[in-house]
Amino acid sequence: MDNSTLSHTTWNCKYHIVFAPKFRRKVAYGMFKQDIANILSTLCKRKGVEIIEAEIMPDHVHMLVKIPPSISVAEFMGFLKGKSSLMIFDRHANLKYKYGNRRFWCRGYYVDTVGKNTAKIKEYIRNQMAEDQEYDQLSLFEDYDPFTGKPRNKN
């Protein structure tokens with residue numbers, strides 16, 4: 001079983017969490033991707049949170065995590081987003097000018113309990129990048145210019 005134990009508790013609390021950089025900027029990719037992944041991993045270990053599956057997309061982060069019942073999801077997310085912002089700005093000082101006031105992440109986040117669907121969620125997170133790339137390929141050419149509303153030439 002996937003159950004974990006504390007002194008008087010047996011638990012299996014898994015959550016699918018999605019959060020994004022401020023203004024959905026695509027900064028969480030490229031040269032910052034590995035560093036952000038290391039920071040998030042380090043902070044999860046500090047709180048005793050196990051990362052089951054994770055993927056950093058160009059404009060958001062998917063994580064499947066196992067959070068002990070001694071920590072609320074809101075408390076964990078406040079810690080994760082707050083400390084990671086400080087650590088990212090300490091390591092990459094040039095980002096301070098793009099994201100004023102040391103706020104790297106958007107205010108909100110999405111969380112869902114996993115229950116018995118762990119395998120399905122893991123598969124979804126793994127395949128998210130490929131699905132996004134396929135969708136981007138389909139939407140590379142738009143029939144109408146989004147700024148003027150006029151039809152575009154297909155040539």
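In what order do the 4 strands of the open sheet stand, and is their pairing parallel or antiparallel? In this predicted model, the strands follow the order E4-E5-E3-E6, and they pair in an antiparallel manner. Since the sheet is open, it has two edges, and these are taken by strand E4, residues 50–56, and strand E6, residues 110–113; each of them has a single partner strand, so one side of E4 and one side of E6 remain without a neighbour in the sheet. On average, and with direction ignored, neighbouring strands of this sheet are turned by 15° against each other.

At the E4 edge, the partner is strand E5, which spans residues 61–66 and runs antiparallel to E4, the two being joined by 6 bridges. Within this pairing, Ile56 has Val61 of E5 as its bridge partner.

Two helices can then be placed against the sheet. Helix H1, formed by residues 33–47, packs on the sheet and touches strand E3 (14–19) together with E4 and E5, and its direction makes about 160° with that of E4. Helix H2, formed by residues 73–91, also packs on the sheet, where it touches E3, E5 and E6, and its direction makes about 40° with that of E3.

The cysteines remain to be considered. A disulfide is a covalent bond between the sulfur atoms of two cysteines, and the structure holds 0 disulfides. As for their surroundings, Cys44 is buried, because its relative accessible area is 0%, whereas Cys106, with a relative accessible area of 26%, is partly exposed.

How values were computed
Residues are numbered from 1 along each chain as its sequence is written. This is a predicted model: local features need pLDDT of at least 70, side-chain atom pairs count only at pLDDT 80 or more; totals for chains, interfaces and linings use all residues. Side-chain values use heavy atoms; hydrogens and water are left out. A disulfide is a pair of cysteine sulfur atoms within 2.5 Å. Buried means under 20% relative accessible area, exposed over 50%, partly exposed in between (1.4 Å probe, protein chains only). Two strands pair if DSSP finds at least two bridges between them. Axes are lines fitted to C-alpha atoms, for helices over the stretch in contact, and angles run from 0 to 180 degrees between N-to-C directions. Contact means heavy atoms within 4.5 Å.
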